[in-house]
There are 4 protein chains.
Amino acid sequence: MAHKHGHGRERIQFVNAEDKQEFSKYPTKAGRRSLSRSISQSSTDSYSSAASYTDSSDDETSPRDKTQVNSQGSSDFCVKNIKQAEFGRREIEIAEQDMSALISLRKRAQGEKPLAGAKIVGCTHITAQTAVLIETLVALGAQCRWTACNIYSTQNEVAAALAEIGVPVFAWKGETEDDFWWCIDSCVNTDGWQTNMILDDGGDLTHWVYKKYPSVFKKVRGIVEESVTGVHRLYQLSKAGKLSVPAMNVNDSVTKQKFDNLYCCRESILDGLKRTTDIMFGGKQVVVCGYGEVGKGCCTALKALGAIVCITEIDPICALQACMDGFRVVKLSEVIRQMDVVITCTGNKNVVTREQLDRMKNGCIVCNMGHSNTEIDVASLRSPELTWERVRSQVDHIIWPDGKRVVLLAEGRLLNLSCSTVPTFVLSITATTQALALIELFNAPEGRYKQDVYLLPKKMDEYVASLHLPNFDAHLTELSDEQAKYMGLNKNGPFKPNYYRY
Amino acid sequence: MAHKHGHGRERIQFVNAEDKQEFSKYPTKAGRRSLSRSISQSSTDSYSSAASYTDSSDDETSPRDKTQVNSQGSSDFCVKNIKQAEFGRREIEIAEQDMSALISLRKRAQGEKPLAGAKIVGCTHITAQTAVLIETLVALGAQCRWTACNIYSTQNEVAAALAEIGVPVFAWKGETEDDFWWCIDSCVNTDGWQTNMILDDGGDLTHWVYKKYPSVFKKVRGIVEESVTGVHRLYQLSKAGKLSVPAMNVNDSVTKQKFDNLYCCRESILDGLKRTTDIMFGGKQVVVCGYGEVGKGCCTALKALGAIVCITEIDPICALQACMDGFRVVKLSEVIRQMDVVITCTGNKNVVTREQLDRMKNGCIVCNMGHSNTEIDVASLRSPELTWERVRSQVDHIIWPDGKRVVLLAEGRLLNLSCSTVPTFVLSITATTQALALIELFNAPEGRYKQDVYLLPKKMDEYVASLHLPNFDAHLTELSDEQAKYMGLNKNGPFKPNYYRY
Amino acid sequence: MAHKHGHGRERIQFVNAEDKQEFSKYPTKAGRRSLSRSISQSSTDSYSSAASYTDSSDDETSPRDKTQVNSQGSSDFCVKNIKQAEFGRREIEIAEQDMSALISLRKRAQGEKPLAGAKIVGCTHITAQTAVLIETLVALGAQCRWTACNIYSTQNEVAAALAEIGVPVFAWKGETEDDFWWCIDSCVNTDGWQTNMILDDGGDLTHWVYKKYPSVFKKVRGIVEESVTGVHRLYQLSKAGKLSVPAMNVNDSVTKQKFDNLYCCRESILDGLKRTTDIMFGGKQVVVCGYGEVGKGCCTALKALGAIVCITEIDPICALQACMDGFRVVKLSEVIRQMDVVITCTGNKNVVTREQLDRMKNGCIVCNMGHSNTEIDVASLRSPELTWERVRSQVDHIIWPDGKRVVLLAEGRLLNLSCSTVPTFVLSITATTQALALIELFNAPEGRYKQDVYLLPKKMDEYVASLHLPNFDAHLTELSDEQAKYMGLNKNGPFKPNYYRY
Amino acid sequence: MAHKHGHGRERIQFVNAEDKQEFSKYPTKAGRRSLSRSISQSSTDSYSSAASYTDSSDDETSPRDKTQVNSQGSSDFCVKNIKQAEFGRREIEIAEQDMSALISLRKRAQGEKPLAGAKIVGCTHITAQTAVLIETLVALGAQCRWTACNIYSTQNEVAAALAEIGVPVFAWKGETEDDFWWCIDSCVNTDGWQTNMILDDGGDLTHWVYKKYPSVFKKVRGIVEESVTGVHRLYQLSKAGKLSVPAMNVNDSVTKQKFDNLYCCRESILDGLKRTTDIMFGGKQVVVCGYGEVGKGCCTALKALGAIVCITEIDPICALQACMDGFRVVKLSEVIRQMDVVITCTGNKNVVTREQLDRMKNGCIVCNMGHSNTEIDVASLRSPELTWERVRSQVDHIIWPDGKRVVLLAEGRLLNLSCSTVPTFVLSITATTQALALIELFNAPEGRYKQDVYLLPKKMDEYVASLHLPNFDAHLTELSDEQAKYMGLNKNGPFKPNYYRY
């Protein structure tokens, strides 16, 4: 069975031919993997360390075999250990500090309870940040049931804290694949409660409902989907005429995109390289393959710290931008011998070939910041003449017969998910976007949304941004009536046409 | 009659009620002015100085009253002085050095003569750069007749050089308004030659043909329009169902936009301020109103030179970008007292009000980089209690009764058109885009283009970019067959979807 | 007894009144602490993690109570476990990759063996990087005996690897204070071998020899000292007329200073903040107290990543530099309420007072990059009305009665030593400088150096730099004879006067 | 006779063998030229344009042949035209706006009149900025007589304005060499007034007094000298034991150096290139020869605007800095074929050779920002096979037989003096330093200064900086008593040791 959001060494493989079969109507394994990129996944990694003290319990009993009761007497949940609730609560409180947009949304919308009556089933990573989202939805009037979109990413303490306040959570770290679907099923299939909204990350929940409980969709007002993979599956459903409710693609909102790509990569490339290799950036020769938003973010940060950066590109427009931004545009083969660091951000495969790996100099660091695990031809390095030496977590030295070492990070998987953390602020953007999408779909007048996939309306995208401005003590200017008229704009936005490039 | 592209102090006013009337079906005077922004206009200014030695001729005779013959014996042209051809030729040669994309286009397309049979009437600024474009069109097989889109912007020597090699040019610096329309008419209305392509900058030529020779459009395969104003007029024609041929909006191509806005402003804001005020940038407190492409360009350059920059914005998404890029987002009134420089880039009106001008500190510099002449409320400064002192060309000191001086640049008009130059490279992007648009429309199979306004196809936009990469010695990477298949792309592009944000 | 180089929570306190007494002739405890800043100390921290797998041995026996023999049959050493030598060797090999300057020095000077006859006693941190230095000294002809300058910083495996190849090393991680002096004594006090060179880091070795074996100095040709503390003690000895041999202050060489301060802080401020707090830099309001080299490094990096940085300064020249570099110069009290991050780099005390800590906003991060542990008045925070909560290693939340949290890093100690790593390249600069200083002192003709403290000659400083240029594939230009004559320079340097500011 | 400060095409050559002879005791012609670099010289150029309207008078009469009287009835002056005083006054007022440090110095020191009794003879460029200095000296109690240090640099209107308020000025634009010395003589040699202070720029005044009126030095309390040339001459005098009074070298004060070099070049390199060539910086490949302060300033600005910059260096320490700052260090010959722009900042000769000029690509721009006129081997370009074409003022195309053009700016002279302006703020730093140096020397107690050349005391250097901080609204922090004691500093400075590198 596939969990496309697996991370690092823990990535699980398809083990069951039948399950594989079952998914074949949807994106293929390869396709999904090449697309999968949801920043929130990294919460796995950052959590792992943060919560390690409480997690090393010897309790090997499966949560499914235990009966637990929260302090209100309810046992409608299944988590690792309800007693960890207090610790989880503190994690949530810390996350709240950087998610003031959601807190402010709670305050603004609390009076009117815009989600009163909403029965939301959610399937996402279960982290402190997600908890802030869930508790916001509850504060706005919704009832929620929640499960995990990844078998490894659940913060057990946070799940316990949610269960403790009465949110039925079915998730723990280290689920089996059977557990995974059992948890989803437990969320959906419950007596006397029928979901009318779905919040999904990856499309597994949506898929399960389609397979097992298609009639549920009669009551569902909409699906909100965050991941590239899940969005892809929705568009395919829509294309096939099988999408029976409106769906909101929050992955492609402007605000989320800029933060997930340009800004997040600008922040995390340095961190990912430093934590793994303690490299000094000054004077390093770096080639960045691809000058899209991810590449632009990486290049900005590296150049700023004194690296000498050049670019490879296939698209002449992006290449021209690189030139104007002060980066030489080269072919990889022309420079590969001189480089200290090679970073891929193309979304393509075999961007760094074995032949090029052979020509790298001793000590060259190779890593991937792009969507695809196959940008670096890592498979070609698993050959008998080369020796692999694991020198740190996520760091392998590949040693050539002549003693040359190439330093491969995260085995070619996404560096910033594997080796650095994602700021809570970035997750706040996503969570706020999800909350607004739910409110919009739930409250939309009949007919505004058809059985199709929609982007968040520009105005709500702007609203997400505006909720985050107070973090920066930023003061927005308001149009005068005269100016609004002159510009042909509504004073409250939207302020730009849909095609505006930002 | 309106010449919306006038510059600086020479701006001409509507003088003829009838002419004014005549235009009223098209964009109103105010609307057009607020929109008008064609970078090539600045060639006026840069030329002015460059050619001043030859231009101070005492010859007051109107070119219309003289008979001139070029060395081939032709007199089918009307320029100031055909004898200046040699000097003009040198100017053209210098321009060619920075327009290698067009030269390369000549070479690539010369064999097949893709414009063989094209009869192009053009109405643009007549500068050395335009001449390189015209001679490229000729080299590709076209016949051309040309006139000026602005009564002041013609480089007389260049016009002479074109006439000398046999291009019928009707244009000189300092035309009257009657001359202006006479020249256009002379281009279009000629025996035994009927245009089948129109290249326009501002829409006056198109308008004239619509008014006087509507039947011409039966043969015309398309219109290529560069300016915001002209494009606006075309969309209005289209909306009104009056556009009888396909038109190409080259103003909004990605490459042109980035160069006209982000990159061009990054280059010119420093230049414009320095040439007018000799200001030192280090440590200056600057507020930039508007964080669109123009504002982003200005902020990047100023911050890089050590200025301390803050931003005003109405759009929360742009405001959030400003925050992430390291600029404080403020309201103008909060900071106005401390600022050393105030720059407007909003496209809006009265962004800087008289009340704010009153509160500025002594020596504060105020200027406009945006579309509109009314971003700064300059009109409010023309009041009896304030003294205006012209201290240099384009620089006025406005003196308050208490002695405070505010330094106003270019009377609030576009600073970079008035007070700095536009690199030939930027003009090369535009000219190449125009040439490709002409080729596309002229060769398009029947039915590809309807009677509507089109954007340049993405692939041709990419081609324009690729023609300019050799200037930077940039080496593009080519997709392998396997990679192209994996990405679902054609190896030759287009490489991005239309909505891609770059 | 004082070990001024202790780190993090492991900092040891004076426990023995007598030992304390003994040092009182030298810098006072406070004085030494405020001065102490030797970058190499951080090797402690970076090591801790790197070697943790092998270190968790249950062996509680003191190395002093064990008899160990290396494979050559020697037992003239005392390390934790000689069997760890192989693992240590690999660590040394990895370090060698980034210390090519020393390797190249080995090659250049190996023929002539410039240290033949040198008997060096060294007292430094014992890390892989130090091992590369020691093995270089051996390769150049020296005999070496080594001990640790810090009771916690020894990498046991590296010590074992050195002992294995026959270098008498007396050091292990977790020495008692008695062990510490016993190890020093074992290095110096050995039959049939008398040191003639001293390499010290902190001055403890030098002090011990002065106290116990003053006659040794009759044969000693010089002392090389790296740390601020040790240099301070040497200058005091010199001032008191008690310095009986030449000493070389390598701490203040230009190359080392720039790397230890400007460049190293530019690299490490981001890393230190990220690893501890996962903060997003974009848009953060940061005040940096002090605009010396350390402050300049911090500001450069933070501004580059999108933070909005302002400065406090007492020195008008540095303040003017900050202005020109684009930073607002403020008083801390003016801005303290708005700041997201407060960083001290002044070398002064009580730069951040309790009163200012009281006024910080919720979530404000406070840390120190400067010499002194007392820049932030941390002591004032240890009061009953405030709650301390340790949320991660090196991260405390200080909680005010109203719930406000201030995030204090490393309890106000040096952030980059506590919470980030120092690139091997920086350590390479220092080690190369030490090696050249030893060569210079050992080979200097009689009379070149008196009983005084010297800076490394400019020419050798330049040589250190030149040995590191190949790391960057940098190609130096050589003066022609004519040019050298014109400039009045020797073609081989020195190229600048001593007072040149770089 | 030599005027080493001549500019641009107007540079005068030695014409008189005797005069040449006379100077031979002092720096040789070549030596002086290679050293000469006084920023204030550029006031010549900036003025030239600014005042051109009033200057085109037909009055060919030599000022020496006219009798003029100011409105107070005095004729103790010799200027071009006393009637231009009013226009000059306005120029002075404008300059005052950016020289608030001097105005503030007037206010602070006016009560005590620290220059009461001072009789100052000055020989400097006579510009609006100098006038602000002179009027400050007068306000502080001094009597002044003034002459020009350059035969072309006098702003006639400013000279008139000074004469009008009673300062005896002897200077006009376009003096002959005989006039030059006559003016100096008229300043010094006047009945009933004997100078006791000298302010010199270039050393000509000092030289004249030494030659003609050596006895004057009995009363002179000191010489203040600003230029590299003049300082060099003073050090030679001192070395030769011929300096009979104290002299203050203000050229080498920290504040002045940073502004004249790093900051000023950062500001002016872009301006100089843009005004001459309208070059677009984005993506241009630039090599900067020399990474001293001038080179660092140029590189910072160019990189910030998107140029791709590499460096040549002879000094490994500067080269290592370049690496860490993100610039490739190359030999000129390795990259010369690819470069778009070549900039010299070495102070050396023949840094760009004919052989390298031969290999440059078509359109390459070559210019000099360094001290020496001979950094580019311009002489080698004056050979018959090459054609020179002057395309603009200060811009020559050198055309090779195959048609290749190299664009040479300012004939290899200092670009920023020839082709850009120097901000008044930079001149304010220098002028304030001069004023303080005069005050210090005039008031120093007997014995503080011997017959030697001194640097401005660190504390006064800091004071100059502090007087300029209000321009940036910068707020300095004051040490508490406790902090000052801890640091061992006086609360009022000096704050750094003399060798501090800033």
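Reader: Which residue in β8(C) does Val287(C) stand opposite?

Author: Val287(C) stands opposite Cys310(C). This is a predicted model, in which local features need pLDDT of at least 70, side-chain atom pairs count only at pLDDT 80 or more, and totals for chains, interfaces and linings use all residues. Residues are numbered from 1 along each chain as its sequence is written, while chains are lettered from A and ligands numbered from 1 in the order in which they are written.

Reader: ok, and in what sense do β7(C) and β8(C) pair?

Author: In the parallel sense, over five bridges, with β7(C) covering residues 285-289. Strands pair if DSSP finds at least two bridges between them. Strands (E, at least two residues) and helices (H or I, at least four) are DSSP runs, numbered from the N terminus.

Reader: What does helix α13 of chain C make with those two?

Author: A right-handed β-α-β unit: β7(C), then α13 at residues 293-304, then β8(C). Right-handed means that, with the strands pointing away from the viewer, the path from the first strand over the helix to the second runs clockwise.

Reader: Which strand do two bridges join to β8(C)?

Author: Strand β9 of chain C, residues 328-329, which runs parallel to β8(C). Ile311(C) stands opposite Val329(C) there. With helix α14 of chain C (residues 316-324), β8(C) and β9(C) make a right-handed β-α-β unit.

Reader: How many residues of β8(C) are buried?

Author: Five of the five, residues 308-312, so the strand is largely enclosed by the rest of the structure. Buried means 20 or more other C-beta atoms within 10 Å of the residue's own, exposed means 12 or fewer, and partly exposed is in between, with C-beta atoms placed from the backbone. Ile308(C), Cys310(C) and Thr312(C) cover one side of β8(C), and Val309(C) and Ile311(C) the other.

Reader: Switching chains. Where is Thr353(D)?

Author: In the loop between β10 (341-344) and α16 (354-359) of chain D. Thr353(D) counts as partly exposed because it has 16 C-beta neighbours inside 10 Å. Its C-alpha atom is separated by 9.9 Å from that of Leu332(D), 21 residues apart along the chain.

Reader: How many residues of chain D are in contact with chain C?

Author: 46 residues of chain D, in contact with 45 residues of chain C. Contact means that the C-beta atoms, placed from the backbone, lie within 7 Å. On chain D's side, α14(D) gives the most, with eight residues. By class that side has 24 nonpolar, ten polar and twelve charged residues. Ala, Val, Leu, Ile, Met, Phe, Trp, Tyr, Cys and Pro count as nonpolar, Asp, Glu, Lys and Arg as charged, and the others, Gly among them, as polar.

Reader: What turn lays chain D on chain C?

Author: A turn of 180° with a shift of 0.1 Å along the axis, giving an RMSD of 0.1 Å. In chain D, the C-alpha nearest that axis belongs to Arg501(D), 2.3 Å away. Copies are superposed by least squares on the C-alpha atoms of residues with pLDDT of at least 70 in both.

Reader: And how many residues does the contact with chain A take from chain D?

Author: Eleven, and eleven from chain A. Chain D's side of that contact divides into four nonpolar, four polar and three charged residues.

Terms used
Two residues are in contact if their C-beta atoms, placed from the backbone, lie within 7 Å.
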